[in-house]
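Me: I want the reasoning behind the labels on this fold. Take me through the terms one by one.

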Amino acid sequence: MPELPEVEAVRTGLELLVLGKTVAEVDVLWPSIIEAPAVEEFIHQLIGQSIEAMHRRGKFLIFKWTNFDMVSHLRMEGKYEVHQQGDPIAKHTHVIFKFTDGSELRYLDVRKFGRMTLMPKDTALQYKGITKLGPEPTADVFTLAPFKASLKRHHKAIKPLLLEQKLVTGLGNIYVDEALFEAKIHPEQPADSLTPTEVTHLYQSIIDVLARAVEAGGTTIRTYKNALGEAGKFQVSLNAYGLTGEPCRRCGTAIIKTKVAQRGTHFCSNCQKIHR
């Protein structure tokens with residue numbers, strides 16, 4: 001699933017490719033992608049609309065049209081591609097935005113899990129999935145004291161707690177494993193048992209890992225590419241995720257893969273010891 005760094009890479013790519021373009025026509029080839037309003041109304045309302053800005057909140061893309069906001073969630077395999085009208089339509093293409101300049105923005109999704117919702121102008125942050133999100137993982141809005149206080153209220157294992165997106169947004173499976181590795185914290189350590197030093201290290205690691213991943217354009221494990229057709233580069237910097245059996249870069253112990261909250265989880269049993 002594209003996580004925050006990958007979605008940010010898509011946002012910046014789309015900003016370069018489609019900003020200012022005006023819709024002449026919209027083709028919806030798989031209606032279930034459109035969450036709201038009804039497909040016919042979705043198409044009708046977008047005719048003549050221009051893309052004024054591209055925003056992101058957590059893992060949600062926000063298209064700022066002339067008179068509307070459009071929230072787009074890529075889910076597992078969603079991606080955007082820019083083409084010229086007349087280019088062959090690839091398999092798994094589900095929505096096509098045709099622009100007045102002859103170019104097209106196409107949404108592709110192998111699993112068809114992605115969703116688009118058209119909303120009144122400047123109301124995207126009221127979208128049901130966005131209102132539940134914690135702060136963005138940057139030091140100006142994600143601060144240590146509230147994070148520390150929140151962890152003390154939860155006895156839940158730290159990894160699934162971070163995956164909930166409520167304490168801080170943007171951490172998916174890859175980046176939780178990487179942040180916990182960097183902070184030397186076991187993924188099943190109860191959140192309320194973390195020491196003040198561990199909380200500080202975890203806080204710093206979350207900001208660091210996600211910032212470096214954004215700078216690298218995300219992580220390409222299988223099929224992810226940004227809107228420019230480029231793969232992410234952060235996979236070369238991974239220390240735990242996907243490295244089962246390889247020596248830990250700190251101590252040499254083999255990286256273990258296990259299941260935590262039904263998610264494949266990678267960690268070093270020597271560097272990330274659980275304590276009670």
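Me: What makes β8 largely enclosed by the rest of the structure?

Reply: Start with the cut-off: a buried residue has under 20% relative accessible area. In this predicted model, 6 of the 6 residues of β8 meet that test, so the strand is largely enclosed by the rest of the structure. Both faces take part. S103, L105 and Y107 point one way, E104, R106 and L108 point the other way, and all are buried.

Me: How do you know that β8 pairs with β6?

Reply: Pairing needs at least two bridges between the strands. Here 6 bridges join β6 to β8, residues 103-108, and the two run antiparallel. V82 has L105 of β8 as its bridge partner. H83 stands opposite E104 in β8.

Me: What joins β7 to β8?

Reply: The cut-off is again at least two bridges. β7 and β8 have 5, and they run antiparallel. So the two count as paired. One of the partners is V95, matched with Y107 in β8. The hairpin of β7 and β8 has 3 residues between the strands, and there G102 takes a positive phi near 95°.

Me: Why are β1 and β6 called edge strands?

Reply: Look at the order in the open sheet of 4 strands: β1-β7-β8-β6, with antiparallel pairing. β1 (23-28) and β6 (79-84) each have a single partner strand, so one side of each lacks a neighbour in the sheet. The twist averages 20° from one strand to the next.

Me: What makes helices α1 and α2 neighbours of this sheet?

Reply: Contact means heavy atoms within 4.5 Å. Helix α1, residues 4-18, lies across β6, β7 (93-99) and β8, and runs at about 20° to β6. Helix α2, residues 39-46, packs on the sheet and touches β1 and β7. The direction of α2 makes about 165° with that of β1.

Me: Which strands stand at the edges of the other sheet, and why?

Reply: This open sheet has 5 strands in the order β2-β9-β5-β4-β3, and its pairing is mixed. β2 (34-36) and β3 (51-57) each have a single partner strand, so one side of each is left free of a neighbour in the sheet. Twist here averages 25° from one strand to the next.

Me: How do you know that β4 and β5 pair?

Reply: Two bridges would be enough. β4 (residues 60-65) and β5 (residues 68-73) are joined by 5, and they run antiparallel. F63 stands opposite M70 in β5.

Me: Which strands of this sheet do the helices cross?

Reply: α1 lies across β3 and β4, at about 175° to β3. α2 lies across β2, β4, β5 and β9 (115-120), at about 60° to β9.

Me: Why is one group of residues called a nonpolar core?

Reply: Members must be buried, of the nonpolar kinds, and joined through side-chain atoms within 4.5 Å. The largest such core has 29 residues, and F147, L151, I158, L162, L171, L202 and I206 have the most contacts inside it. Elements giving two or more residues are α4 (144-152), α5 (158-163), α6 (173-183) and α7 (196-215). α7 gives the most, with 8 residues.

Me: What is L162 in contact with?

Reply: Set aside neighbours within four places in sequence. L162 then contacts F147, V168, L171, V176, L180, L202 and I206.

Me: What is in the second core?

Reply: That core is separate and has 28 residues, including M70, L105, M116 and L118. L105 belongs to β8 and is buried, as core membership requires.

Note on methods:
Residues numbered from 1 in each chain as written. Predicted model: local features only at pLDDT ≥ 70, side-chain atom pairs only at ≥ 80, totals over all residues. Heavy atoms only, no water. Axes fitted to C-alpha atoms, helices over the stretch in contact; angles between N-to-C directions. Buried < 20%, exposed > 50% of the residue type's maximum accessible area, 1.4 Å probe, protein only.
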